[in-house]
Amino acid sequence: MAIRNIRVYPDDVLEKPCKPVKEMTDKLRTLINDMFDTMYDADGVGLAAPQVGILKRLAIVDVTEDHSDPIVMINPEVIETSGEQRGFEGCLSVPEKAGIVTRPNYVKVRCFDSEMNEIEIEGEELLARALIHEIDHLNGHMYVEQAEDGILYDNDEVKEVMEREGLQ
Ligand SMILES: [Zn+2]
């Protein structure tokens, strides 16, 4: 296990666009493994390379509770979206906070996997939200820019606000 230091907002590195990955290297394989260790250790469902200080177009996602669906996205692009979901979103770089963000309910992503094979990934609901959130990071964007009314709630307020707003 190698846990990397997660950059916390506002940190300049989180606002910079990332450079495409040209080829898989041992260094990148180590980075990917470390990112999974770091994300699972922090109970996150996604982590982008800039969050550990690396400005490369690489992000990981796993929205399962038992860590059974690890997804690696290299040079990802959103190629299709549909529908809408409104709900709470958080980020490991914005600890203990969450905001209400409306996202597409379905997303299709084209990217390369850890073997640099081109693949397409489809996601709905939480997976769609996580895929888009991580790809935004690679473009230097954070969910806080899109949080409704610019409000970031403390984690212990979320349950109450969800009930008030009728959110799932
Ligand atoms: Zn994030």
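These are my notebook entries on a core, a helix and a few residues in this predicted model.

**Ground rules.** I count residues from 1 along each chain as its sequence is written. Because the model is predicted, local features need pLDDT of at least 70 and side-chain atom pairs count only at pLDDT 80 or more, while totals for chains, interfaces and linings use all residues.

**Leu131.** I began in helix α2 (residues 125–138), where Leu131 is found. Helices here are DSSP runs of H or I with at least four residues, strands are E runs of at least two, and both are numbered from the N terminus. Is Leu131 buried or exposed? It is buried, because 28 C-beta neighbours lie inside 10 Å. (Buried means 20 or more other C-beta atoms within 10 Å of a residue's own, exposed 12 or fewer, partly exposed in between, with C-beta atoms placed from the backbone.)

I then looked up its contacts, meaning C-beta atoms, placed from the backbone, within 7 Å. Leaving out residues up to four places away in sequence, Leu131 touches Val61, Val107, Val109, Ile121 and Gly123.

**The core.** A nonpolar core is a set of buried Ala, Val, Leu, Ile, Met, Phe, Trp, Tyr and Cys residues joined through C-beta atoms within 7 Å. The largest one has 32 residues, and Leu131 and Leu47 are among the seven that touch the most other members. Helix α2 gives the most to this core, with seven residues.

**Leu47.** With the same sequence neighbours left out, I found Leu47 touching Met35, Thr38, Met39, Ala59, Ile60 and Leu92.

**Helix α3.** How many of the eight residues in α3 (residues 158–165) are buried? The count is zero, and the helix is hardly covered. Just after α3, I noted Gly166 with a positive phi of about 65°.

Notes: Contact = placed C-beta atoms within 7 Å.
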